[in-house]
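Welcome, and please take a moment to look through the sequence and the fold shown here. The notes after it walk through a few local features worth finding on screen.

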Amino acid sequence: MKTCRLVAVACLALLVTSGCGSERFTTAAGTPTTYTCCDGEDVDTVYQPGQDMTVNWIVRPGTDPAAKPAQVELTARLTGPYGDFSELKSAAGGTVRPASGEVTFEARPVRPSGAAGERPVSVIPIAEDAPPGYYNLIFAVHEDGGVVGGASVVRVAPKA
């Protein structure tokens, strides 16, 4: 019992100290530009086969405009389909695969320049024959050898 508590406390400490956002610590030179996904409209839209899904990345400019921008790569893809939201969440945990087979639609990587006012967009082409259902939007920011990412749920309706 004591060992279980010790493990639980260690896990909690790891979670508290590790974080999982694209934020960085402020340095004497200021904060760098950061990127996060995405406008709410991007994931709230119901898509149809043959459409392109646009992922509008949110840019938070750094506080030091003279700082050299880091090399950043933004990636996004859809995987699915799943019959409902709970099935998709179970799949994200590695316990379920789509009954009809998994398909993936992927955007080309975007490499923003860091220029003021830049609004990077990833475009995910959804195939004409994409099965309807719930898809896992998986997005990531690759920077300085590290990756920060997340996921959201997107719905593809039957083709009208």
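What follows is a short tour of a disulfide, a nonpolar core and some backbone details.

This is a predicted model. A good place to begin is the pair Cys-37 and Cys-38, whose sulfur atoms sit 2.4 Å apart and form a disulfide. The count for the model is 1 disulfide. The torsion about the S-S bond of Cys-37 and Cys-38 is about 65°, so this disulfide is right-handed. Cys-37 and Cys-38 are both buried, and Cys-38 belongs to the loop between strand S1 (34-36) and helix H2 (40-44).

The peptide bond joining Cys-37 and Cys-38 is cis, and a cis bond also joins Gly-80 and Pro-81. Pro-81 is placed in strand S5.

| Cis peptide bond | Omega |
|---|---|
| Cys-37 and Cys-38 | about -15° |
| Gly-80 and Pro-81 | about 0° |

Next comes the core. The largest nonpolar core has 24 residues, and those with the most contacts inside it are Met-53, Val-55, Leu-78, Ile-124, Ile-126 and Leu-137. At least two residues of this core come from each of strands S3 (52-56), S5 (72-82), S8 (133-143) and S9 (146-156). Val-55 links back to the disulfide: leaving aside neighbours within four places in sequence, its contacts include Cys-37 and Cys-38, along with Ile-124 and Leu-137.

One last stop is Asp-144, in the loop between S8 and S9. Phi of Asp-144 is near 50°, a positive value in a residue other than glycine. Asp-144 is exposed, with a relative accessible area of 60%.

Terms used
Residues are numbered from 1 along each chain as its sequence is written. This is a predicted model: local features need pLDDT of at least 70, side-chain atom pairs count only at pLDDT 80 or more; totals for chains, interfaces and linings use all residues. Side-chain values use heavy atoms; hydrogens and water are left out. A disulfide is a pair of cysteine sulfur atoms within 2.5 Å. Buried means under 20% relative accessible area, exposed over 50%, partly exposed in between (1.4 Å probe, protein chains only). A nonpolar core is a set of buried Ala, Val, Leu, Ile, Met, Phe, Trp, Tyr and Cys residues joined through side-chain atoms within 4.5 Å. Helices (H or I, at least four residues) and strands (E, at least two) are DSSP runs, numbered from the N terminus. Contact means heavy atoms within 4.5 Å.
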